[in-house]
Each structure stands twice: as C-alpha cells, then as structure tokens.
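Hi,

Here's the structure I promised to pass on. Have a look at it first, and my notes on its internal cavities follow underneath.

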Amino acid sequence: MNLRYNQLTLMRILVISDIHANFNALESVLAAAGEVNAVWCLGDLVGYGPDPNECVDRVRQLPNLQCVLGNHDAAVIGHIQSETFNLEARLSIDWISDVMSEDNMVFLKSLPEQVQVGKVTLSHGSPRNPIWEYVLDTYTAKLNINALGTPLGLIGHTHLPLAYFEIDASQPIRWKLLKPNETVYINSRFLLNPGSVGQPRDHDARASYAIYYPEENIWEARRANYDISGVQLRITQLGLPTRNALRLGEGW
Ligand code: ZN
C-alpha cells in the first residue's frame, strides 16, 4: 500500500466560524490550514472587529465554499434587531451597516440559515435554532442531536472548540473542550464546534479552527498565531469599543 499517496489524496475541509471582522486572524488561519478541498464557514463573518469588508471579500473567494448566516450577519442585513445585542456588539453592527460594500451586503443576504452537505448539517447557533441558540450544556446538545437529520452537526456561536457526542442513545451525552491538535474520531452522533477564528473565548488567544477529513471521519482541532496587537490597534483607531480590543489579548 502506498501510504504517502493515500495521505496526499485524502479530502481535507477547512471549518471556520465566528471570524468577526478579524482579517489578520483569518489570513493566519488560511495560511496555517494549507491546501484544502473546500471551506465550510459557520457564520458571523462580521461584528466586533475592524475589517468586515476585507473578511467578507476573502471568504467569498474561498474554494468550494459553504457558508451559513450568523446572528451578527443577520443583524447587519436587517433580519434581526440590533437592540437584542449587548452594547459593544450593537455599536459594531451599526458601524458595519454604514461601511459594508453593496456587493458584500448582497453576499450576506444570500446566505442560508442552514446547509446540509452529505452526512453533515451546518448551522451557526444550533441545528434546531440556527441563529440564536447557544449549545453550552449536554441537555441542549441532546435536544439538538435528536433534531439533527444527519449523523454530524457543525455549529459555531459559542466561540469554544467543543465536541458533544452520543455513545449510544441510552447514555447521557458526553462533551469535551478540545485542546489544540486534538483529534476526534467521529464514530457516533456528534455536534462539533471549531471555535472562533476572530474572537476565541476559551482563554487561548490564538485563532481557532478545524480540519475535517470526511472519508476518515476525523476532526482535528487547531490553533493559529496571528498579529493580535495589530488588530487591537485598528479597533482603537476606528473608535470601536475598547472592550472588543482588550478581549482579543486574553481570549475571552
Ligand atoms: Zn460570534
């Protein structure tokens, strides 16, 4: 068997979420991910960060892109009220609505709330409530695993690299916060979250993403270093809330 040949031809899918207008982080992730066959993006391209147009322009060029709408994206295109967000998020949303290019607005408006690709369902929040629900406990995870029409569900929104899984239907749902370079073998029903590219919240400031190998049922949690202080400076210079800059330094 030619193992080297097999490794080179395995399908690799880059899974990203919650870019939040952090272009430095996005570029670092794309460079660190290397060659991929497709990119799946789980929403929230904008909000909080300083470079919404650059991020949306870049995402639109990615190969074999599947992308769903996040709650911040939905607010920018006017699908949901910005009053439902916290102050810092709301100020960013109002600013983005002013600076967003016409083309990028059209792109965000074209995004579906949910996409099914073969045995995988992509949603921002949760499979049963793609825009708003946070999956942060095993009870909510169980309801969502039961609501899934596919064995695997990919979600974002919490900004945490998490795995929820069901060993068998009679047992409680298990969960795991994934460490950098941790590999998950997807051998039952799973909900997986790649964490956030542009605003990680697990106290690791590095950009978070995942590589999914569909033929092998393998998920690889990954982190990438990026120029954090450059992004913090841009946020401050643009007059966006200081808190949006501060949190990037510590990953919260
Ligand atoms: Zn988000």
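A cavity here is a set of points, on a 1 Å grid over the protein atoms alone, where a 1.4 Å probe fits but cannot get out, and lining residues have an atom within 4 Å of a point. Grid points are joined across faces, edges and corners, and a volume is the space filled by probe spheres set on the points.

Keep in mind that this is a predicted model: local features need pLDDT of at least 70, side-chain atom pairs count only at pLDDT 80 or more, and totals for chains, interfaces and linings use all residues. Residues are numbered from 1 along each chain as its sequence is written, and side-chain values use heavy atoms, with hydrogens and water left out.

Searching the whole structure turned up two cavities of 30 Å³ or more. The largest holds about 50 Å³ of space. Its lining is His 20, Asn 22, Tyr 48, Gly 49, Gly 198, Gln 199, Val 231, Ile 235, Asn 244 and Leu 248. Two or more of these come from each of α8 (228-237) and α9 (242-250) (helices are DSSP runs of H or I, at least four residues, and strands are runs of E, at least two, numbered from the N terminus). By class, that lining has four nonpolar, six polar and no charged residues (Ala, Val, Leu, Ile, Met, Phe, Trp, Tyr, Cys and Pro count as nonpolar, Asp, Glu, Lys and Arg as charged, the others, Gly among them, as polar).

The second largest cavity comes in at about 30 Å³. Among its lining residues are Pro 161, Lys 179, Tyr 209 and Arg 222. Strand β12 (218-224) contributes the most to this lining, with three residues. Here the classes are six nonpolar, one polar and three charged.

Cheers

Key:
1 Å grid on protein atoms, 1.4 Å probe; cavity = no way out; pocket = protein on both sides within 12 Å on 5 of 7 lines; lining within 4 Å.
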